[in-house]
Amino acid sequence: MFKAASKDRVAAALHRIAQDVEHGRVTPSETAARLDRVKMALSQTAQQALSALGPVQASSREEVMKGFKSANPALTDEELEEIADHWEENKDVVKDQAKTAAAPACDGERGCKAPLFFKDSKGYVYCEKHGDKLKAGGRTGVSKLTSAEKKKLEAEG
Ligand SMILES: [Zn+2]
């Protein structure tokens, strides 16, 4: 059974935060980070604990486990491992989303978002305008993407 931190511990942490806020000793972002730690300590399940952690803020299992152990020393090693497992699952989801965000885009110019229209022999892809420019400049091996290739690129993105 997952253990949330003791009431005393949570109350004391909230009290310290309240005092620091009252005396202007912390910035809003510091306050938010500390409240996140309280949420971590209040979590009843590994899943909740992880959502309290927010978007992946750690780079290793060890870091995740250390962070949670300091937020809630009552957690057993087994529970910390469970959180780390969830974190690892979640991390891959986030990574996949990042990959999706970096969908194939025109290689003709950085930041060009125009629909892809051409490819070249090296596997680069271009929008109509930038592909035409390359061809006009004498680049060989630039050819139109087939509709199947376009679909495939869209699927990747
Ligand atoms: Zn372009």
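The questions and answers below go through the helices, the cores and one strand residue of this predicted model.

Residues are numbered from 1 along each chain as its sequence is written. Because the model is predicted, local features need pLDDT of at least 70 and side-chain atom pairs count only at pLDDT 80 or more, while totals for chains, interfaces and linings use all residues.

Q: How many helices and strands does the protein chain have?
A: Helices (H or I, at least four residues) and strands (E, at least two) are DSSP runs, numbered from the N terminus. Read from that end, the elements run α-α-α-α-α-β-β-α-β-α. The protein chain has seven helices and three strands.

Q: Are helices α2 and α3 roughly parallel or roughly antiparallel to each other?
A: Helix α2 (residues 28-42) and helix α3 (residues 46-53) pack with their axes 8 Å apart and at an angle of about 175 degrees. Axes are lines fitted to C-alpha atoms, for helices over the stretch in contact, and angles run from 0 to 180 degrees between N-to-C directions. Angles under 35 degrees count as roughly parallel, over 145 as roughly antiparallel, 65 to 115 as roughly perpendicular and the rest as oblique. The two helices, α2 and α3, are therefore roughly antiparallel.

Q: Why do the buried residues of α4 line one face of the helix?
A: A residue is buried if 20 or more other C-beta atoms, placed from the backbone, lie within 10 Å of its own, exposed if 12 or fewer, and partly exposed in between. In helix α4 (residues 61-71), the buried residues are Val64, Met65, Gly67, Phe68 and Ala71. Seen down the axis of α4, with directions taken from the axis to the C-beta atoms, these buried residues line one face because they fall within an arc of 160 degrees.

Q: Which residues touch the most other members of the largest nonpolar core?
A: A nonpolar core is a set of buried Ala, Val, Leu, Ile, Met, Phe, Trp, Tyr and Cys residues joined through C-beta atoms within 7 Å. The largest one has 16 residues, and α2, α3, α4 and α5 (77-101) each supply at least two of them. Those that touch the most other members are Ala49, Phe68 and Ile83.

Q: Is Tyr126 buried or exposed?
A: Tyr126 is found in strand β2 (residues 125-127), and its C-alpha is 5.4 Å from that of Leu116, although the two are 10 residues apart in sequence. With 26 C-beta neighbours inside 10 Å, Tyr126 counts as buried.
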